[in-house]
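Biologist: I'm new to reading protein models, and I'd like to learn how to look at charged side chains and how open they are. Could you walk me through it?

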Amino acid sequence: MTARDQAVVVAIDGPSGSGKSTVSKAVAKRLDWQLLDTGSVYRALTWYSLQRGVDLDDKDAVIATVPGFLEAWSLSLSPDERWVRVGDTDVTDRIRETEISAVVSKVAGIPEVRDAVNQRFREILVGTDADGIVAEGRDITTVVAPDAPVRILLTADEDVRIARRLAEKSGEDAARVAATVTERDKKDSRVTNFTAAADGVVVLDSTDLGLEATIQAALDLISARSAQ
């Protein structure tokens with residue numbers, strides 16, 4: 001049996017600021033697996049569209065940018081070397097700015113966009129030659145990888161999530177960052193359910209857990225479910 005046949009897919013979903021990215025990266029590093037940051041793709045597509053002067057409220061115009069974007073877009077699957085590129089442009093840091101966070105839901109909320117991007121995610125998961133891959137982001141546990149052996153809904157109370165996001169974005173306006181977290185969850189909830197766990201998805205509430213405890217809890221879940 002090849003490494004590809006044996007690959008374990010771990011799907012992690014959850015609201016903004018729940019710690020999906022941090023926990024997923026740590027888990028992938030400790031297991032020496034790959035990491036698929038799906039949220040970075042929607043952010044990169046948003047950046048790509050804005051660079052071309054696309055009106056993000058024009059659904060058809062955004063959809064029209066998707067084929068060209070998917071041709072140009074690339075990202076690292078290594079948790080030790082994180083980068084996102086569009087053509088020759090490294091957008092790793094640019095796509096994490098609050099300006100992108102505030103409007104990415106306009107792009108990610110378009111069903112046709114999600115269908116095209118989710119198909120690319122499935123191709124990546126199926127095509128991996130690693131022993132395992134952690135995929136984190138919206139739709140992962142229910143649409144992209146509903147048959148993954150390990151599916152986790154990582155959540156936390158809203159005030160805790162806002163505090164975590166503020167810690168990541170020191171120097172930015174606190175009220176704006178808080179509003180971005182709340183508004184993005186509200187907008188994204190119109191197209192995907194990331195607040196209630198589907199059948200077979202385990203809820204991991206990190207409200208009262210520190211980072212290390214949350215990472216270990218995720219590793220324990222992966223170990224238990226992978227052994228089944």
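Modeller: Sure! Let's start with a term we'll need: a residue is called buried when its relative accessible area is under 20%, exposed when it is over 50%, and partly exposed in between. Keep in mind that this is a predicted model.

Biologist: Okay, let me try that out. Is Lys59 buried, exposed or partly exposed?

Modeller: Lys59 has a relative accessible area of 39%, so it is partly exposed.

Biologist: And what does Lys59 pair up with?

Modeller: Here's the general idea: side chains of opposite charge can pair when their charged atoms come close. In this model, Lys59 forms a salt bridge with Glu112, and their closest N and O atoms are 3.5 Å apart. Glu112 sits in helix H7 (residues 111-127) while Lys59 sits in helix H4, so this bridge ties together parts that are 53 residues apart in sequence. Glu112 is partly exposed too, at 38%.

Biologist: How many salt bridges are there in the structure?

Modeller: Seven. Another one joins Lys106 and Asp57, with 3.4 Å between the closest N and O atoms. Lys106 is in helix H6 (residues 104-108) and Asp57 is in the loop between helix H3 (39-51) and helix H4 (59-72), so the pair connects parts 49 residues apart in sequence.

Biologist: Which labels do Lys106 and Asp57 get?

Modeller: Lys106 comes out at 33%, so call it partly exposed. Asp57 reaches 58%, so it counts as exposed.

Biologist: Got it. What is the partner of Lys29?

Modeller: That's Asp80, in a salt bridge whose closest N and O atoms are 3.5 Å apart. This pair links distant parts of the chain: Lys29 belongs to helix H2 (residues 20-31), and Asp80 to the loop between strand S3 (73-75) and strand S4 (84-86), 51 residues apart. Lys29 is partly exposed at 42%, whereas Asp80 is exposed at 60%.

Biologist: Can we look at a residue outside those pairs? Why does Thr207 count as buried?

Modeller: Its relative accessibility is 17%, so Thr207 falls in the buried class. You'll find Thr207 in the loop between strand S8 (202-205) and helix H11 (211-226).

Biologist: What does the side chain of Thr207 make a polar contact with?

Modeller: One partner is the side chain of Asp205, at 2.6 Å. A polar atom of the Thr207 side chain also lies 2.9 Å from the backbone nitrogen of Asp157. Leaving out residues up to four places away in sequence, Thr207 touches Thr155, Ala156, Asp157, Val160 and Arg164.

Definitions and conventions:
Residues are numbered from 1 along each chain as its sequence is written. This is a predicted model: local features need pLDDT of at least 70, side-chain atom pairs count only at pLDDT 80 or more; totals for chains, interfaces and linings use all residues. Side-chain values use heavy atoms; hydrogens and water are left out. A salt bridge is a side-chain nitrogen of Lys or Arg within 4 Å of a carboxyl oxygen of Asp or Glu. Helices (H or I, at least four residues) and strands (E, at least two) are DSSP runs, numbered from the N terminus. Buried means under 20% relative accessible area, exposed over 50%, partly exposed in between (1.4 Å probe, protein chains only). A polar contact is a pair of N or O atoms within 3.5 Å; within protein, one must be able to donate a hydrogen and the other to accept it, and residues adjacent in sequence count only if both atoms are side-chain atoms. Contact means heavy atoms within 4.5 Å.
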